[in-house]
Amino acid sequence: MPLNPGTQALRLDRGLAAPGLDPWISVARVIDAWGLAGWVKLDLYGDRQSSVLRKAKRWLVSPPQRLATIRASSDQSSALPSACVEVAVEVAVVASRPHSSGWLAQFEGFDDRNQALALKGFEVAVRREDFPRLPKGEYYWVDLIGCRVLNRADELLGEVVAMDDHGAHPILHVKQNQDAAPDFFIPFVGQYVDQVDVNERCIQVDWSSEWL
């Protein structure tokens, strides 16, 4: 897919997966309870206007940096204690909406502030299949991570291991194949990126191997 200087890479770069579960992508973090009726306040990892939370009706909430392989039904999640820090809980979303610079949500079975406070600090993830379809030329960061990077001479330069953004544009963080070789960075703009094939997990760039 040809790129142009205006191409965007939408930021959703935390992938989570566990045996027996579909791939889940972490998109937000619970930062506090909101109100008295079980609502939570979220800090989003991506753009609020294009948040995938608008579409997904079932979310996974899990302790920071962990993803348990335990699914919990809605009746179990309604009694989730604050000490239950080892369990990832799949919840049904009753309502969610933008609020100020973040997001608000209420889950089925969560009816009071104490239950909402029990989730403070938890990661919020949604299934990749629930992401909205993007316009041509836009990509989710999570889809770019893991792609092979080849140049116009068909030389394999390495693999995308992370994405970054310093304000002007996203940047591909590429790890070379040789263990001792240093990582390098390619601006994700049309000047350097010729083609992205997410299905083939490949990014073609105008980047000489002599620059490494």
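How many bridges join strand 14 to strand 15, and do they run parallel or antiparallel? Four bridges join them, and the two strands, with strand 15 at residues 202-205, run antiparallel.

Thanks for coming, everyone. A quick word on the basis: this is a predicted model, where local features need pLDDT of at least 70, side-chain atom pairs count only at pLDDT 80 or more, and totals for chains, interfaces and linings use all residues. Residues are numbered from 1 along each chain as its sequence is written, and side-chain values use heavy atoms, with hydrogens and water left out.

Strands here are DSSP runs of E, at least two residues, numbered from the N terminus, and two of them pair if DSSP finds at least two bridges between them.

Back to our sheet. Strand 14 belongs to an open sheet of six strands, in the order 13-12-11-10-15-14, with mixed pairing. Its edges are strand 13 (184-187) and strand 14 (193-197), each pairing on one side only. Within the strand 14 and 15 pair, V193 stands opposite V205.

Just before strand 13, have a look at A181, in the loop that follows strand 12 (170-175). A181 is buried at 17% relative accessible area, buried meaning under 20% with a 1.4 Å probe, protein chains only. Its C-alpha lies 8.8 Å from that of L212, 31 residues away in sequence.

Now to strand 6, residues 89-99. Strand 5 (58-62) runs antiparallel to strand 6, joined by four bridges, with V61 partnering V89. Strand 7 (102-107) is also antiparallel to strand 6, over six bridges, and there S96 partners A105. Strands 6 and 7 form a hairpin with two residues between them, and S100 in the turn has a positive phi of about 55 degrees.

Key
Buried means under 20% relative accessible area, exposed over 50%, partly exposed in between (1.4 Å probe, protein chains only).
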